[in-house]
Amino acid sequence: METSEISVGCCIAGGGPAGMMLGFLLARAGIPVLVLEKHRDFLRDFRGDTIHPSTLELMHELGILEEFLQRPHQETRALGGQIGDDFVQIADFGHLPTRCRFIAFMPQWDFLDFIAEHAKRYPAFQLKMETEASDLFVENGRVTGLRATAPEGELQVRADLVVGADGRHSTVRERAGLEIIDVGAPMDVLWMRLSRRPKDPGQTLGRFDIGRVFVMLNRDDYWQCAFVIPKGGFDEIKGRGLEFFRDEIARLAPYLRDRTAELADWSDVKLLSVAVDRLRKWSRPGLLCIGDAAHAMSPVGGVGINLAIQDAVAAANILAPRFKEGTVSEDDLQAVQRRREFPTRATQAMQVFIQNRVIGRVLGTTEKLSPPMPLRLLGQMPFLTRIPARLIGMGIRPEHVRTPAAA
Ligand SMILES: Cc1cc2nc3c(=O)[nH]c(=O)nc-3n(C[C@H](O)[C@H](O)[C@H](O)COP(=O)(O)OP(=O)(O)OC[C@H]3O[C@@H](n4cnc5c(N)ncnc54)[C@H](O)[C@@H]3O)c2cc1C
């Protein structure tokens, strides 16, 4: 095993939506950037599939929207859910002030491959897969690089700036000693696949029933299913047996009854623990965290990917000119947090409200459900569905690409 060294302007740990988008934008602006991703490829199924109207708008600004829309995807113009026996439309994207008035559903590995393909067109971009950041180099209180493990041995990276974009179990933020404020989540998610047949419905999003929340994402030949459970409740579910669990799924989505046996044993059901937290300070000299590493998002509303990408755009807008001038100061790093903190806190507050007031209650109830008052109002006054559409589709304080493309 050998030890190799690299020097680069910016080293990003984590090739998720936040890390890949920041890497792309910095390289496009001519700043040498290295992205490290610990997995061999982007092909993992515990990622959300949503590409929001605001992200599609960014792609238009980057001149890659048309090419993106030629890749296989589904377009969802409205979101709804079935609560008890009633179907409620929650968000209608048809009135958004964006070019694309829909959420594009595309497996996230295809989206990340697409961004990587475009980033690689810039000579300033490097991506190292199967390379896991493990520790930071710190000199006189300033982060000066990181240590990573790659298949060929240890990699030591010296960088003017290290970015932690390594998700909600971030090693970088832990090694940097940044203080975490735990907001808490009352639920976990059981994540599994069941095959999809031609006669199945198209895009079903949420099913709320007595004690149960069940979400299905259409991935063409299979359903990616999320079965929401109370936090720490997996052992209890396992204790009731797999047959009971299969029956519960069939009760929530009867057309799946003929294939719940595809869940042959519990290894077909992955437990994804949901966390909601945020850092008190997103940076220290030489280091910045963005995306879930700075603020782990709940799956509620499917907005975490959007926030991660918006962080990346804000960071590139603020930092690229500073890189060009040769100095990225602590104040510049704090400016990224100042720009993105309000959208983060407000979005998390809404997620926590829905987690506690809607999902927590549904999981705890033994009575038949009917839509709560605010959702009934959406049914009576459909124009109100524009509000959730804006919050989900564009988010608070949408960002725009301000970094120029290098020659
Ligand atoms: C069950 C569940 C479902 C969700 N569904 C949705 C949804 O439908 N829509 C939505 O918008 N949001 C959803 N979210 C939230 C969303 O997944 C996150 O907010 C979003 O992925 C954050 O992006 P990110 O780039 O910051 O982090 P991540 O997507 O977590 O990416 C981090 C990357 O860093 C890599 N990595 C980790 N550690 C290291 C290391 N030490 N060195 C190198 N690489 C490393 C990881 O492999 C990963 O590729 C969901 C969350 C959960 C828990």
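This is a short walk through one protein chain, from its overall dimensions down to a few single residues.

Before anything else: the model is predicted. Please keep that in mind for what I say.

Let me start with the whole chain. The protein chain holds eleven helices and 20 strands. Its radius of gyration is 22 Å, and the globule rule gives 22 Å for 407 residues, so the chain is as compact as a globular protein of that length. If you lay the C-alpha trace along its principal axes, the spans are about 60 × 50 × 40 Å.

Next, burial and contacts. Of the 407 residues, 55% are buried. Take the contacts with a separation of 6 or more: 74% of them join residues 24 or more positions apart. The accessible surface is about 17,600 Å², and carbon and sulfur atoms contribute 52% of that. On charge, there are 51 positive and 52 negative side chains, with the centres of the two sets 5 Å apart.

Now to the strands. As general background, strands of a sheet pair through backbone hydrogen bonds, in either a parallel or an antiparallel sense.

One open sheet here has three strands, in the order β3-β7-β4, and the pairing is antiparallel. Its edge strands are β3, residues 50-51, and β4, residues 74-76, each of which pairs on one side only. Between β3 and β7, the latter being residues 103-105, there are two bridges. For a register point on that pair, the bridge partner of I51 is A104 in β7.

The other pair I want to show is β9, residues 132-139, with β10, residues 142-150; they run antiparallel over seven bridges. Here E132 has T149 in β10 as its bridge partner. The two strands make a hairpin, with two residues between them.

That brings me to N140, which sits in the loop between β9 and β10. What is notable about the backbone of N140, a residue other than glycine? Its phi is positive, near 50°. For context, most residues other than glycine have a negative phi. N140 has a relative accessibility of 82%, and because the cut-off for exposed is over 50%, it counts as exposed.

R397 is another such case: its phi is positive, about 55°, and it is not a glycine. R397 lies in the segment after α11, which covers 386-393. Its relative accessibility is 33%, so R397 counts as partly exposed.

Last, helix α9, which runs over residues 330-364. I picked two residues from this helix.

The first is Q334. With a relative accessible area of 25%, Q334 is partly exposed. Setting aside neighbours within four places in sequence, Q334 is in contact with K281 and S283. For a distance to D166, the C-alpha to C-alpha value from Q334 is 19 Å, with the two positions 168 residues apart in sequence terms.

The second is T344, also in α9. Is T344 buried or exposed? It is buried, because its relative accessibility is 1% and the cut-off for buried is under 20%. Not counting residues up to four places away in sequence, T344 touches W282, H295 and L307.

To recap the helix: Q334 is partly exposed at 25%, whereas T344 is buried at 1%. And for the hairpin, the residue to look at in the turn is N140, with its positive phi of about 50°. That is the end of my part.

Methods: Residues numbered from 1 in each chain as written. Predicted model: local features only at pLDDT ≥ 70, side-chain atom pairs only at ≥ 80, totals over all residues. Heavy atoms only, no water. Helix = DSSP H or I, 4+ residues; strand = E, 2+ residues; numbered from the N terminus. Rg over C-alpha atoms; globule rule 2.2 N^0.38 Å. Buried < 20%, exposed > 50% of the residue type's maximum accessible area, 1.4 Å probe, protein only. Contact = heavy atoms within 4.5 Å. Areas by Shrake-Rupley, 256 points an atom, 1.4 Å probe, with all protein chains shown as cover. Lys, Arg positive; Asp, Glu negative; His and termini not counted. Charge placed at Lys NZ, Arg CZ, Asp CG, Glu CD. Pairing = 2+ DSSP bridges.
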